[in-house]
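These are my notebook entries on one protein model. I set down what I looked up, topic by topic.

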Amino acid sequence: MSDSVKLSYKDQTFEFPLIEGTEKEKGIDIKSLRAQTGLITYDPGYKNTGSCESEITFLDGEEGILRYRGYSIEDLCEKASFIEVAFLLIFGELPTPKELNLFSEEIRKDSLVDEDLKTILKSFPKAAHPMGVLSSLTSALIAFNPNSVDIESDAEMREAIIMLMAKFPILASWTHRKVKGLPLNYANISFSYVENIAHMMFKMPHQEYEPSPVLVNALNKLLILHADHEQNCSTSTVRIVGSSHAGLFASVSSGISALWGPLHGGANQAVIEMLEAIQADGGDTKKFMAKAKDKEDPFRLMGFGHRVYKNFDPRARIIKKAADEVLQELGINDPVLEIAKSLEQEALNDPYFIKRKLYPNVDFYSGIIYRALGIPTEMFTVMFALGRLPGWIAQWLEMRKKNEPIGRPRQIYTGPTARTF
Ligand code: SDX
């Protein structure tokens, strides 16, 4: 079988090599396209364009497969802790018990932030969206840790990774406490990584707090499911910002802003707001389905559709099952879950959705669990960022280690031609 493709243009034929991944995916290597033909490609939204080779995450949109470094998310959700998965994504292998203890211990020890970060937090209005605050505080971390990191030094890189993994949950929890007008909590090093997230978000000053196993198990699973997703919008942002050799913290701060958008990570908040609007409107899901299909109406069925998954998002399957379990364990009957299920059934049987292969994605059910766990809607995308942090770190590290060139796409100019003033 030919391992190249031919392009004929005007009276010439050009040949370009095919590259093939370990999962037999194939791509046309067009690095020499412009030099050979004077042409560039045109692909808004990069729907057909691979930006890199990566060894971190494999997903198959047709088959609904998602694996981190070869391990299926189904296995990892059942058998691993989030911090184990973070280690796997970042360093490439599951940690030995000794490595896991050391990694966890180093993170616990670094779970403190400079008190002056509170001054920055205080300057935000209470109504500020937590994602905007988190992006700013993450960028501010650079000011308190100014020494740039030598990418060639594994020790320096490890220190920066530990620092970000340790401090990010503190900043994330503080964005929640700020919105609620509550005192800020410090990490408690007797807790695990996920227990600490719950502790810092929910511990009230006037009473003891012990994170519930239901909460910790559900959070562990949710954070694992959000941990990486190959070259999605926010990860591509982290990579392209890092490709200019901007630091890890600055690159992650830009990824937080990209994730905030309602078409991306912000969809989990938009899903609940949509379901609540349907409930307030009397629960008429058919009316909202019609709006979603009406080209004149900007309304979209949030939590549905995906750039890559043209089948059920495997994460949505796991989260939907977990939502049922958590609500049952907590004895909660959330009418919004019933609305979500009837919407799903209608969409899965609707020709418009079937033709466009629009299925529930990771954001469709996650908000229902967060809500049941007492996490406020405006914090849902912050929870997504908490999960995605190790993926962003792993992808940034891979890009820098491979010394990828600075990301700088081309364009087709359609503006005015030369004219005199
Ligand atoms: C995440 O990339 C990742 O991996 C992201 C993510 C991750 O883990 O990082 O998986 C997380 O961001 C999940 C997606 C969350 N976003 C939403 O739920 C928002 C609602 N979904 C849509 O906005 C949309 O489906 C996208 C943005 C997710 C994907 O958009 P695409 O791939 O650009 O597809 P498209 O907009 O070209 O849609 C194709 C067709 C269009 O109709 P036609 O023009 O062909 O007639 O499907 C329609 C769209 O109008 N369509 C929808 C729809 N999604 C697509 N119609 C109604 N409701 C929707 N939700």
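**Entry 1: Gly132 and its surroundings**

I began with Gly132, which I located in helix H6, residues 130-144. I reminded myself that the model is a predicted one.

Is Gly132 buried or exposed? Its relative accessibility is 16%, and the cut-off for buried is under 20%, so I recorded Gly132 as buried.

I then looked up the separation of Gly132 from Trp260. The two residues are 128 residues apart along the chain, and their C-alpha atoms are separated by 8.1 Å. Trp260 led me to my next entry, as it belongs to the H11 side of a helix contact.

**Entry 2: Helices H11 and H18**

I noted beforehand how such a pair is reported: two packed helices are described by the angle between their axes and the distance between the axes.

For helix H11 (residues 248-260) and helix H18 (residues 380-401), I found an angle of about 135 degrees and axes 10 Å apart. Why are H11 and H18 called oblique to each other? Angles of 65 to 115 degrees count as roughly perpendicular and those over 145 as roughly antiparallel; the angle of about 135 degrees falls in neither class, so the pair is oblique. The crossing of H11 past H18 is right-handed.

Which residues meet in this contact? From H11 I listed Leu248, Ser251, Val252, Gly255, Ile256, Leu259 and Trp260. From H18 I listed Thr381, Phe384, Ala385, Leu389, Trp392, Ile393 and Trp396. The residues of this H11 and H18 contact divide into 11 nonpolar, 3 polar and no charged.

**Entry 3: Helices H8 and H9**

I next took helix H8 (residues 193-202) and helix H9 (residues 213-225). Their axes come within 9 Å and cross at roughly 115 degrees. I therefore entered H8 and H9 as roughly perpendicular to each other. H8 passes H9 in a right-handed crossing.

On the H8 side, the contact involves Val194, Glu195, Ile197, Ala198 and Phe202. On the H9 side, it involves Leu215, Val216, Leu219, Asn220 and Leu223. I recorded the residues of this H8 and H9 contact as 8 nonpolar, 1 polar and 1 charged.

**Entry 4: The sheet E1-E2-E3**

I turned last to an open sheet. It has 3 strands in the order E1-E2-E3, and the pairing is antiparallel. Which strands lie at the edges? They are strand E1 (4-9) and strand E3 (26-28), each of which pairs on one side only. From one strand to the next, the twist averages 30 degrees.

How many bridges join E1 to E2? I found 6, with the two strands running antiparallel. As an example, Ser8 has Thr13 in E2 as its bridge partner. E1 and E2 form a hairpin with 2 residues between them, and Lys10 in that turn has a positive phi of about 55 degrees.

Strand E2 (residues 12-20) is joined to E3 by 3 bridges, and these strands also run antiparallel. Among the pairs I looked up, Ile19 is bridged to Gly27 in E3, and Leu18 is bridged to Ile28 in E3. The hairpin of E2 and E3 has 5 residues between the strands, and Lys24 in its turn has a positive phi of about 65 degrees.

I closed with a general note for reading such strands: in a regular strand the side chains alternate between the two faces of the sheet.

Terms used:
Residues are numbered from 1 along each chain as its sequence is written. This is a predicted model: local features need pLDDT of at least 70, side-chain atom pairs count only at pLDDT 80 or more; totals for chains, interfaces and linings use all residues. Side-chain values use heavy atoms; hydrogens and water are left out. Axes are lines fitted to C-alpha atoms, for helices over the stretch in contact, and angles run from 0 to 180 degrees between N-to-C directions. Helices (H or I, at least four residues) and strands (E, at least two) are DSSP runs, numbered from the N terminus. Angles under 35 degrees count as roughly parallel, over 145 as roughly antiparallel, 65 to 115 as roughly perpendicular and the rest as oblique. A crossing is left-handed if the near helix is turned anticlockwise from the far one by less than a right angle, and right-handed if clockwise. Contact means heavy atoms within 4.5 Å. Ala, Val, Leu, Ile, Met, Phe, Trp, Tyr, Cys and Pro count as nonpolar, Asp, Glu, Lys and Arg as charged, and the others, Gly among them, as polar. Two strands pair if DSSP finds at least two bridges between them. Buried means under 20% relative accessible area, exposed over 50%, partly exposed in between (1.4 Å probe, protein chains only).
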